[in-house]
Amino acid sequence: MSRPAAPPAPAFFGALAVLLVLAAGLGPGLIFGLSRYADVEHLRHVRYHDATFRYLPISLTPAGYAQAKLAWLGLTLLSAAVLRWQWRRRGRLYRELAALHQEWRAAPPLLAPWRQLRPAERRTARLLFGALLLVRAYYVLRYPLYGDELVTYLSFVREGALAAISFYPIPNNHVGYSLLCWLSSLVSPNFYWATRLPTLLISAAGTTGVGLLLLRHTSFRVAALTVFLFAFFPYALFQAVVGRGYFLLAVSAQLGLVAVLTLLQRPARPRLAWALLVGSSVVGLYAMPSYLLVFGSLLAGLATGLALQQRPAPLWPLGLAGLVTGGGAALLYAPVLLVSGPWALLANDYVAPGAGYAAGLTALGFVARTEGQLLGTGPLGLALAGGLSLAGLLLGYRQRALRPLVLSALALLWLPYLPLLVRGVYPPARVLSYRVFGLFLLAALLLETALRWPPLAVLRRRPALAVALPVLAWAGVAVLLLLRRADQEAARNARVARTYAWLQARHARRVQVEAPHYQLYLQFFSQTSGGALRVDAAAEPGARYQFYLLDREQHHKFRVPRPPVFENEDVRVYAGPPGR
């Protein structure tokens, strides 16, 4: 590894902190400041769905609300005043920001690596990117409605900007992404426009930007294989079209990895790299709090790499970067902490020790299960990921120039498991799907090394064979898997839609529904079509129900001593008692 340049002065991180305070004050802070206490009161009456319908108790009082708005205003004005003062006096913070701007202007254009590619490489990249956009656009429009994005739309987008940035009854609210969806809904309230267009744009821009930045650190084959194999990775393909914050988190993680590579490999512009690391991490944390696993892994990988330098670099900038990033994220989440309460964010059932635990599950069993689900190889997943990691480690040991890439990929791939296992939290595989980018980077580096073998020299000269062929083969598998999943979702959603049409034909106004899937989708159909159907999960005092929908598999919550009047594969519908 080359010796890194001197790190920026502590004042640089102070300048970033002031900018983040101002950005938070002019973003979520402005939304919170322009709201009224009546908007907070409204959130107490918002029914959200989490296996059943619930309400969130909100303890924020009018006095506390007024004090919070005053504090937001004070912080925003203070940060603006500090920046103006520094600008007029040409102070330390101003000089650090001016140096950052100078580094930005001196940096090569984003498209510089693209212009250096051979025509055949450009054609290959255009072909793969075009195919990727077509697949994503098709599924944005054709993939069936997905339950989690319905919760996002109904509870955090349709309820307004304050709900998007502060209503956090369950971790389904990926706050940063919900805010983008709300902004998109101002143009059109259409479900696909509001919830799926943002992730389509994020995934398109993210794939392009990460690919171009990665080209600065490695060859076209490695960059293209890594980016496009991940883009067609079944979990990533699903997350790029369904309205959730997972792909925003993945792009933030990849930009953070590029920043770490820059600090380890290309030290000519350290301020720019630190700004990218801090900025992408704040965005990632605002997308999902689980980005904390990514940020910790990247910092640990960076610290290890810097410590292994022939002349070790100081590690204090990592601490300052962590403080600035954490402070910026805390400010963005301040509306959540104020309205929903700290427990909603820090102590919910999804992050408490033991979350996701199943009887007999061990640490090794959890890792093996996760790798098998992500790679679709079952019990062989851990062996495959472990084998590629060991081979990559050996490659980095033998080729010093590849050590930053290998070290960063391994850190992203394996370190997120450590805090989860220490805390005893076992999240679903999708929460850790971003890690597979590191695995594909290792695989691409190994393939690049294998292509140096003389019998494979022809493949090195033909990107259509070395890049396009494996990517398109992988894409074919991914699309088939997504088609199968889409068909299953579409069949179930169609049954709910037919049930809703049957209820509408009988002018149903209030029903009690046992099946959670039907509760959510019937509510969505009613609210988005202007219907008046009220869906309850449990009987409310004094309420009269025209129909009861009982789960065919688990009709144990209540019974109706009459034959069903309608049924399908999921539910049986019973008529309520006749009115007097």
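**Close-up views of helix packing, a domain interface and salt bridges**

**View 1. Helix 1 and helix 15 cross in a right-handed manner.** A crossing counts as right-handed if the near helix is turned clockwise from the far one by less than a right angle, and as left-handed if anticlockwise. The model is predicted, so local features need pLDDT of at least 70 and side-chain atom pairs pLDDT 80 or more, while totals for chains, interfaces and linings use all residues. Residues are numbered from 1 along each chain as its sequence is written, and side-chain values use heavy atoms, without hydrogens and water. Helices are DSSP runs (H or I, at least four residues) numbered from the N terminus. The axes of helix 1 (residues 10-26) and helix 15 (residues 270-287) come within 11 Å and cross at roughly 35 degrees. Axes are lines fitted to C-alpha atoms over the stretch in contact, and angles run from 0 to 180 degrees between N-to-C directions. F12, F13, L16 and L20 of helix 1 are in contact with R271, W274, A275, V278 and V282 of helix 15 (contact: heavy atoms within 4.5 Å). These residues comprise eight nonpolar, no polar and one charged.

**View 2. Helix 10 and helix 11 also form a right-handed crossing.** Helix 10 (residues 175-187) packs against helix 11 at an angle of about 115 degrees, with the axes 8 Å apart. On the helix 10 side the contact includes Y177, L180 and C181; on the helix 11 side, W193, R196 and I202 are among the residues met. The full contact divides into eight nonpolar, four polar and one charged residue.

**View 3. R196 forms a salt bridge with E149.** The closest N and O atoms of this pair are 2.5 Å apart (salt bridge: a side-chain nitrogen of Lys or Arg within 4 Å of a carboxyl oxygen of Asp or Glu). R196 lies in helix 11 (residues 191-214) and E149 in helix 8 (residues 147-157), 47 residues apart. The whole structure holds 19 salt bridges.

**View 4. Domain 1 meets domain 2 through 17 residues on its side and 16 on the other.** Domain 1 covers 10-341 + 368-451 and domain 2 covers 487-575, with bounds from an automatic or database domain assignment. Their centres, taken over C-alpha atoms, are 39 Å apart. The two domains bury about 1,500 Å² between them, 61% of it on carbon and sulfur atoms. Buried area is the accessible area (1.4 Å probe) that two parts lose on being put together, summed over both. In domain 1, R47, F53 and L154 lose the most area to domain 2, together 34% of what that side buries.

**View 5. One salt bridge is found across the interface of domain 1 and domain 2.** R47 and D536 form a salt bridge with their closest N and O atoms 3.2 Å apart.

Terms used
Helices (H or I, at least four residues) and strands (E, at least two) are DSSP runs, numbered from the N terminus. Ala, Val, Leu, Ile, Met, Phe, Trp, Tyr, Cys and Pro count as nonpolar, Asp, Glu, Lys and Arg as charged, and the others, Gly among them, as polar.
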